[in-house]
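I opened this notebook to record what I looked up in one structure. The entries follow in the order I made them.

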Amino acid sequence: MVARVSALPLAIVTLGIATQYLGEHGYGIMTTAIVFVGLFETLTSQGIGTVIVRRVSGKQKASLAHLIGLDLTFSLTYALPLGLTAASVGVLTYSDPQVQSALLVLSAGLVCNAVASCFDAVFDVHVKYGTIAIAEFFSRVITLGCAAAVAFTDAGLLAMCAVQILPNLLKMVVNGLAAHRLTPMRPIGDLNAILNLVKESIPFTLIMLIAVIYWRVDGVLLSLLSDTREVAAYGIAVQLAFTLNMLPQVFSRTALSTINEGYASDPARFRRAVASGYRFLLLFATPVAVLGIPLAERLVTAVGSDEFASGATPVLRLFFVACAISFLTSIISDAMVAAHQQRFLTTLSAVNLVVNIALNIILIPRFGAVGCGIALIVTELSGVVFTQIRLRKVGVDPLPLKYVMRLIPGLNLSLLAMLLTWSLPLVFPIVAGMIGYFAGAWLGGAIPDEMRGALLGAMKPGRGTAPA
């Protein structure tokens with residue numbers, strides 16, 4: 001989490017370089033290619049990683065090295081055909097030559113993702129993320145440097161697209177070497193075992209497939225039903241808002257093994273892990289929704305330019321709210337999978353996907369990218385509400401909404417701190433707001449002793465990362 005938070009300013013500066021260099025039209029083209037290629041990203045994981053973590057952490061106590069070897073063989077087999085398929089379908093979908101060229105470049109990133117996804121389960125099982133953290137930070141540094149070089153040399157749109165796949169390439173190389181040190185592995189050509197692994201992963205693959213389409217289809221529909229200006233507004237809003245999604249993603253990965261093991265062997269521990277996960281993620285989600293609204297316009301202007309402000313600001317405000325809700329869906333999805341409720345989760349996700357597509361088709365022609373934000377908030381809320389009913393059946397307490405009341409002093413203090421520093425450069429109200437929020441939350445009792453211990457303990461090497 002520290003690595004990703006420290007890399008966040010680098011990612012924002014890189015975004016600023018790309019938007020200011022490419023402008024609305026060029027950035028809209030690159031965003032169109034990114035969201036379309038993103039539709040194929042779910043096929044780079046196949047849900048196999050989740051199966052591996054459950055097999056190794058559960059009662060089966062399967063061999064991690066053997067399972068990773070099977071996954072590696074499978075991924076090496078389909079990686080290149082997947083990249084070629086994405087590029088071919090994209091060229092047939094879009095007639096603009098610039099979009100087609102961008103799609104050809106960005107499709108190469110799918111090959112790197114397919115191979116890199118094999119190593120995630122190693123870190124999740126061992127709960128060791130030091131190398132990943134280092135790779136995360138330095139990949140952002142290298143990406144920033146390359147983006148600046150493209151802008152300085154005026155290398156053009158395709159060169160900036162190539163910069164976008166650098167993190168995937170670095171992740172494949174660095175994570176692969178680090179994973180091999182933790183669990184020596186090699187490709188294993190056992191066809192029956194691979195087929196069994198793939199078969200068991202189908203429910204998780206469906207969930208991931210629905211999730212990826214869910215998060216990408218609005219951008220694709222926007223690119224087909226609107227113009228590049230709206231796509232550019234959507235792109236910058238997505239990058240700014242959902243960069244914050246790193247926090248629930250990190251929490252979900254580090255808690256996944258604990259939640260699965262708890263459900264299999266200690267139901268009380270499972271329920272405590274989910275309950276503390278709710279509180280932890282509410283602590284961070286609430287200020288995203290509340291403080292993001294006044295900060296949206298200044299963020300867009302600072303990162304992009306005045307050219308983006310009118311179109312992207314209202315979209316960013318809606319996406320901040322949707323992002324905050326999505327914080328909760330990460331822990332909810334982990335709990336549902338651990339409790340073997342993936343069939344219900346798949347059905348609900350499919351229904352929400354259909355509703356989201358329908359809403360986007362209805363709203364985009366009239367509201368543009370704002371319609372994407374409205375549709376996303378509706379379906380995110382639906383997912384949270386209906387999964388709560390199902391989780392009650394396995395003994396999980398509902399969302400602790402009373403806990404949100406403890407966050408009000410911190411929110412008030414942060415808004416006051418932002419108001420007092422509003423005339424200063426943007427970094428000052430952001431930092432003042434964060435300090436004010438956490439000071440108010442700490443003093444107001446929103447950060448209890450066990451959560452403080454978990455947060456501080458996670459910073460020390462060699463300590464467990466199970467949620468308090």
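**Entry 1: the end of a helix**

I began just after helix α15, where G368 takes a positive phi of about 65°. I noted at the start that this is a predicted model.

Then I went back along α15 itself, which covers residues 342-367. I found a kink of about 30° at I361, shortly before the proline P365.

Next I asked which residues of α15 are buried. The list is Q342, L345, T346, L348, S349, N352, L353, N356, N360, L363 and I364. Many steps in that list can be read with one rule in mind. An α-helix has 3.6 residues a turn, so residues three or four places apart point the same way.

I also looked up what these buried residues pack against. The partners are four helices: α2 (48-57), α10 (191-225), α14 (306-338) and α16 (369-392).

**Entry 2: salt bridges**

How many salt bridges does the structure hold? I found two. As background, side chains of opposite charge can pair when their charged atoms come close.

One of them joins the side chains of E200 and R55, at 2.6 Å from N to O. This pair links distant parts of the chain, since E200 sits in helix α10 and R55 in helix α2, 145 residues apart. Both of those helices were on my list of packing partners for α15. I checked the cover on each residue: E200 is partly exposed at 24% relative accessibility, whereas R55 is buried at 15%.

The side chains of R229 and E24 form a salt bridge too, at 3.7 Å from N to O. Here the two residues are 205 apart in the chain, with R229 in helix α11 (residues 228-242) and E24 in helix α1 (residues 2-38). R229 has a relative accessible area of 33%, so I put it down as partly exposed. E24 has 11% and counts as buried.

**Entry 3: cysteines**

I searched the whole structure for disulfides and found zero. Why is C161 not bonded to C146? The sulfur of C146 is the closest cysteine sulfur to that of C161, but the two are 14 Å apart, which is too far for a bond. A disulfide would need the sulfur atoms within 2.5 Å. C161 is buried, at 0% relative accessibility.

C323 is in no disulfide either, and its nearest cysteine sulfur, in C372, is 16 Å away. C323 is buried as well, with a relative accessible area of 0%.

**Entry 4: a nonpolar patch**

I then turned to the surface. L424, V427, F428, V431 and I435 form a nonpolar patch there. Together they have about 440 Å² of accessible area.

I picked F428 from this group. F428 lies in helix α19, which runs over residues 427-443. Is F428 buried or partly exposed? F428 is partly exposed, with a relative accessible area of 44%. A residue needs over 30% to be counted in a patch, so F428 can belong to one.

**Entry 5: a loop residue**

Last, I looked up A446, which is in the loop between α19 and α20 (449-457). Is A446 buried or exposed? A446 is buried, with a relative accessible area of 0%.

I also took a distance from A446 back to E200 of the salt bridge with R55. The two are 246 residues apart in sequence and 41 Å apart in space, C-alpha to C-alpha.

Key
Residues numbered from 1 in each chain as written. Predicted model: local features only at pLDDT ≥ 70, side-chain atom pairs only at ≥ 80, totals over all residues. Heavy atoms only, no water. Patch = residues over 30% accessible without salt bridge, like charges linked within 9 Å, V, L, I, M, F, W, Y side chains within 5 Å. Areas by Shrake-Rupley, 256 points an atom, 1.4 Å probe, with all protein chains shown as cover. Salt bridge = Lys/Arg side-chain N within 4 Å of Asp/Glu carboxyl O. Buried < 20%, exposed > 50% of the residue type's maximum accessible area, 1.4 Å probe, protein only. Bend = angle between axes of the 7 residues up to and from the residue. Contact = heavy atoms within 4.5 Å.
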